[in-house]
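Subject: Structure handover

Hello,

Here is the structure for you to look over. My notes follow below it.

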Amino acid sequence: HFKLMRKILFFLVFLSTFIFSKSFAIEVSMLEAEKRLIFQQLFSSKTCGTIYENINFGDKKKLRDEVLLKVFHNIKRVNIDEEKAILTVALDQRNFSYKEPNLEKIIFQALAVQDFSEELSTINETVAISKTKKIVVCEYNLNSGLEDGKFFNFDMTYDNHLKVETNVEPKILIYYDGTIEYVFYDEKVDYAIPDFDYRLYPFDKHELRFNISSGIYDKLYIERSDRFKILLEETKKNDYDNISFPGFTIKRYISFPISSTLVDVYSDYAKHSITTEFLIERNSISFVFKFIMPIVMIILVTYFTIFLPFEFYRISVCITLVLSLVAFNLVAAASKIPDMPYLNIFDWFIFTAYINAISVLIVTFIESIYIGHFMGFGQYDIIKVPRDEKIGLLKFRKISWIVLLLILISSVFVGYLII
């Protein structure tokens with residue numbers, strides 16, 4: 001009779017605690033609760049072992065009831081190896097959770113076996129302080145739990161990935177309110193880069209997308225957790241500075257659930273996934289100052305050489321400037337993007353620079369040939385020749401200036417049309 005009275009009293013205390021915690025939890029919105037730290041009040045190994053023995057949520061391959069799966073992931077770094085065409089996404093944490101209706105009952109039974117252990121009073125104090133029952137009470141190895149059929153396998157995978165690496169064993173956390181959470185840590189996922197459009201390189205923008213989908217197609221629904229919504233909002237406010245992305249700036253980062261029907265639109269089966277999209281812009285300011293601006297200066301100086309008298313070694317200056325242009329092109333090509341079947345802005349910019357520099361060099365050669373072979377003067381004598389004796393040379397120079405200007409304008413216009 002004494003044991004029976006203790007169990008009845010235990011049940012009344014548990015019930016009153018449940019009602020008390022609910023009254024407090026109502027005052028706190030789910031969004032505010034997610035802002036809190038995750039409270040942990042782990043049960044003893046014995047209690048968690050008893051709970052583990054009594055659960056069998058993964059004994060079947062199909063869901064018995066409809067399940068709403070709440071997903072979350074925290075991306076800490078994204079990297080693109082453009083030469084190897086590899087996109088790497090590093091996640092600090094990824095998890096998904098759902099509310100299991102029978103778990104609270106199993107937890108209650110495990111505590112009841114111990115006849116009012118200190119664990120019950122301690123967990124009740126934590127509930128009162130935190131004003132929520134979202135408290136971690138046990139944790140298990142995820143892979144072992146799936147193999148033993150204790151937890152349901154939602155078969156959440158990265159679509160079209162090349163490989164996934166992690167050095168931390170995934171866990172399953174169970175909460176006092178009956179929530180089961182599948183947690184993965186420090187994952188690094190590699191993808192093959194889609195066909196980027198490099199026509200605007202180095203001022204290009206790209207959209208990236210990756211999906212995490214479930215292999216369960218019936219009675220399953222996916223949505224973002226409130227914690228995930230908070231993370232996305234805070235990331236946007238901070239201009240995405242919490243995500244490392246070498247070489248690029250994130251302009252947009254969104255994540256949303258998506259459902260696509262299988263077979264036909266009338267099918268009851270659907271593929272559920274969480275889709276993450278990035279809009280990225282290349283950091284081009286460094287490229288502009290290291291390569292584009294020096295090349296523009298070289299072209300300007302090359303054009304100014306047509307005003308140099310021949311005794312100041314105009315041909316030598318032009319050849320030196322063309323070689324400088326070649327050197328800058330070779331250095332810029334060291335950080336190359338994949339070879340594409342089309343020209344991008346920088347390709348055409350380099351090509352235009354070559355055309356204009358070589359055009360000035362050709363004009364200089366023609367002028368030197370005209371002075372030496374047709375006028376019969378050396379490069380040091382032509383400056384002493386009276387103006388009325390070199391009218392033809394002066395006309396040639398004016399015409400060459402116009403031709404060079406037309407070449408410059410035409411090359412820029414043609415490049416604009418092609419790109």
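Lys 76 is partly exposed, because its relative accessibility is 38%. Its partner is Asp 186: the two form a salt bridge, with the closest N and O atoms 3.3 Å apart. Lys 76 sits in strand E2 (residues 67–81) and Asp 186 in strand E8 (residues 179–192), so this pair ties together parts that are 110 residues apart in sequence. Asp 186 is partly exposed too, at a relative accessible area of 36%.

Please keep in mind that this is a predicted model. The mean pLDDT of the chain is 81. Of its residues, 84% reach 70 or more. Two stretches call for care. Residues 1–5 have a pLDDT below 50, and beyond near neighbours in sequence they make 0 contacts in the model. Residues 11–37 also stay under 50. For that second stretch the model has 25 contacts beyond four places in sequence.

Overall make-up

The chain has 419 residues, and 41% of them are buried. It holds 11 helices and 12 strands. Take the contacts between residues at least 6 apart in sequence: 79% of them join residues at least 24 apart.

Other salt bridges

The count comes to 16 salt bridges. Side chains of opposite charge can pair when their charged atoms come close.

Lys 205 pairs with Glu 281, the closest N and O atoms being 3.8 Å apart. Lys 205 is in strand E9 (residues 205–214) and Glu 281 in strand E12 (residues 270–282), so the pair ties together parts 76 residues apart in sequence. Glu 281 counts as partly exposed, at 24% relative accessibility.

Asp 59 pairs with Arg 64, and here the closest N and O atoms are 2.8 Å apart. Asp 59 is partly exposed at 43% relative accessibility. Arg 64 is partly exposed as well, with a relative accessible area of 46%.

There is also a network of salt bridges. It links Lys 163, Glu 165, Lys 188 and Asp 190.

Glu 187 and its surroundings

Glu 187 lies in strand E8. Is Glu 187 buried or exposed? It counts as buried, because its relative accessibility is 7% and the cut-off for buried is under 20%. The side chain of Glu 187 makes a polar contact with the side chain of Arg 94, at 2.8 Å. Arg 94 is also among the residues that Glu 187 touches beyond four places in sequence. Val 89, Ala 90 and Leu 91 are on that list. So are Tyr 158, Val 164, Glu 165 and Thr 166. Glu 165 appears in the salt-bridge network too.

Follow the chain out of E8 and look at Arg 199. This residue is in the loop between E8 and E9. Arg 199 counts as partly exposed, at 34% relative accessibility. Arg 199 and Met 340 are 141 residues apart in sequence, yet their C-alpha atoms are 9.1 Å apart in space.

Cysteines

How many disulfides are there? The count comes to 1. Cys 48 and Cys 138 form it, with their sulfur atoms 2.0 Å apart. Cys 48 belongs to helix H3 (residues 45–54) and Cys 138 to strand E4 (residues 135–141). The pair links distant parts of the chain, 90 residues apart. The torsion about the S-S bond is about -90 degrees, so the disulfide is left-handed. Cys 48 and Cys 138 are both buried. A further cysteine, Cys 318, is buried with a relative accessible area of 0%.

Helix H10

H10 covers residues 345–374, which makes 30 residues. From its first C-alpha to its last, H10 reaches 42 Å. That is close to the 44 Å expected at 1.5 Å a residue. Look at both ends. At the start of H10, a side-chain oxygen of Asn 344 comes to within 3.0 Å of the backbone nitrogen of Phe 346. Just after H10, Gly 376 takes a positive phi of about 75 degrees.

Over to you.

Best regards

Conventions
Residues numbered from 1 in each chain as written. Predicted model: local features only at pLDDT ≥ 70, side-chain atom pairs only at ≥ 80, totals over all residues. Heavy atoms only, no water. Helix = DSSP H or I, 4+ residues; strand = E, 2+ residues; numbered from the N terminus. Expected span 1.5 Å × (residues − 1). Polar contact = N/O pair within 3.5 Å; in protein donor to acceptor, adjacent residues only side chain to side chain. Disulfide = S-S within 2.5 Å. Buried < 20%, exposed > 50% of the residue type's maximum accessible area, 1.4 Å probe, protein only. pLDDT = per-residue confidence, 0-100. Contact = heavy atoms within 4.5 Å. Salt bridge = Lys/Arg side-chain N within 4 Å of Asp/Glu carboxyl O.
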